[in-house]
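Me: I've got a structure open and I'd like to learn how to read its features. Can you walk me through it?

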Amino acid sequence: MSARETTTELQHVHFDATEPRTFRHGTVVAGVPWKSPIGTAAGTYNLDACSVYYNPAILGAVSTKGVSPVPWEGNPAPRTAETPAGTVNSVGLQNPGVDHYLEDDLPRLKAMGATVVSNVAGHSDDDFAEVVEKLAKSEADMLEINVSCPNVKSGTSVGKDPVALCTLLKRLRPLTDKPLIIKLTPNVDDVVPIARAAIENGADAVSLINTFVGMRIDTHTGRPILANVTGGVSGPAVHPMAVAMVYKIRQAFHDFPIIAMGGTFSGDDALEFLYAGANAVEVGSAALVDPAAPVRIATELDELLDSRPELADALAVGKNWIHVQD
Ligand SMILES: Cc1cc2nc3c(=O)[nH]c(=O)nc-3n(C[C@H](O)[C@H](O)[C@H](O)COP(=O)(O)O)c2cc1C
């Protein structure tokens, strides 16, 4: 079915994010049930801002902003720049620290009934271990280890080096029984060896993609727009590359859970990821344009899955599109 046909299918979908709703089609990621295959991508969901627009409990999951052992100020401004098809950001993982998260955002989200993916930031293996140890005792449903942010000076080389990733996972795995998701960078020659290192060393899922390194230059001054010079590109521009990487990992590993993200702006974009082999899809930049976008996209996808029972049935039991074709 072509993108044009699926767009036509969607024309009658009524959308009001504040209306209470439940989705007909869910998924299972590493044993954790999601009420929809759609979740929010880390760093693009803010509880205070977004709960005005919708109840986070209706989504598959809410992946929260990366938390570090102590508060991080992030990078100097300007931190974001527009591109014709997305943004370049160098926020630098600003966050109030894991203790604040454990006292504030996490209990509030859990009290609302949300399935929470806690995103973990660190400059070193010690940082990651400290945060994972604290989150291990929390109500978080899944932990997502961000070894792939292009905007911090250290801690992210791990995501480009299978040996370093193996060492980190050997350290983290004994610290928690919660599902561990490794968030992968697209800034590598081949994403499959990195995914293999995650799979073979105790990860329960991979999520991809984080942002591509990019920059913009102000042509009036001849200088970089971002104070950090380079940043991470996200949004519609990265979608085809993200689909290719998800597809490549799925072809290499038929059963391992994959959470896909990168430029998902419609139910049809999400469907593309599911046909590439993802078990779930997270919405990032679209929510920066329209905070209610994850709910709109989940609603559109629910409708699209109605006419794709084989895919919907596979997702509902933790399988993926490749199993339907086997
Ligand atoms: C402003 C901003 C902040 C982000 N912060 C995080 C973060 O804290 N942790 C993380 O793993 N990814 C972070 N990301 C990456 C997103 O979760 C996502 O992987 C990426 O933006 C691609 O998806 P998209 O094109 O739908 O935005 C951030 C992205 C943006 C745009």
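Reply: Sure. Keep in mind that this is a predicted model. Let's start in the middle of the fold: the buried residues of α7 pack against α6 (162-172), β9 (180-183), β10 (205-208) and α8 (239-252).

Me: Which residues of helix α7 are the buried ones?

Reply: In α7 (residues 192-200) they are I194, A195, A197, A198 and I199. Just past the helix, look at G202: its phi is positive, near 105 degrees.

Me: How do I read the sides of a helix, say α6? Which residues are buried there?

Reply: General idea first: an α-helix has 3.6 residues a turn, so residues three or four places apart point the same way. Now the case here: L165, L168, L169 and L172 are buried in α6. These leucines lie on the same side of α6 because they cover an arc of only 95 degrees around the axis. Over on the other side of α6, V163 and K170 are exposed.

Me: And what do the buried residues of α6 pack against?

Reply: Their partners are α5 (125-136), β8 (142-146), β9 and α7.

Me: How about strands? Which residues are on each side of β10?

Reply: In a regular strand the side chains alternate between the two faces of the sheet. In β10, A205 and S207 are on one side, V206 and L208 on the other, and all are buried, so both faces are covered. As for its neighbour, β10 pairs with β9 in the parallel sense, over three bridges. One place to look is V206 in β10, which has I182 opposite.

Me: How do I tell buried from exposed in a loop? Is C149 buried or exposed?

Reply: Count C-beta neighbours inside 10 Å: 20 or more means buried, 12 or fewer exposed. C149, in the loop between β8 and α6, counts as buried because it has 24 of them. The UniProt annotation "active site", from an unreviewed entry, covers C149.

Me: And where is G31?

Reply: G31 is in the loop between β1 (27-29) and β2 (32-34). With 11 C-beta neighbours inside 10 Å, G31 counts as exposed. Check V317 too: G31 and V317 are 286 residues apart in sequence, yet 9.2 Å apart in space, C-alpha to C-alpha.

Me: Last one: which residues come nearest to the ligand?

Reply: Of the 27 residues around the ligand, those are G43, G66, S234, G284 and S285. Sorted by class, this shell has 16 polar, nine nonpolar and two charged residues.

Methods:
Residues numbered from 1 in each chain as written. Predicted model: local features only at pLDDT ≥ 70, side-chain atom pairs only at ≥ 80, totals over all residues. Near = placed C-beta within 6 Å. Nonpolar A, V, L, I, M, F, W, Y, C, P; charged D, E, K, R; others polar. Helix = DSSP H or I, 4+ residues; strand = E, 2+ residues; numbered from the N terminus. Contact = placed C-beta atoms within 7 Å. Arc of directions from axis to C-beta. UniProt positions renumbered as here; feature names shortened; annotations may be inferred. Pairing = 2+ DSSP bridges.
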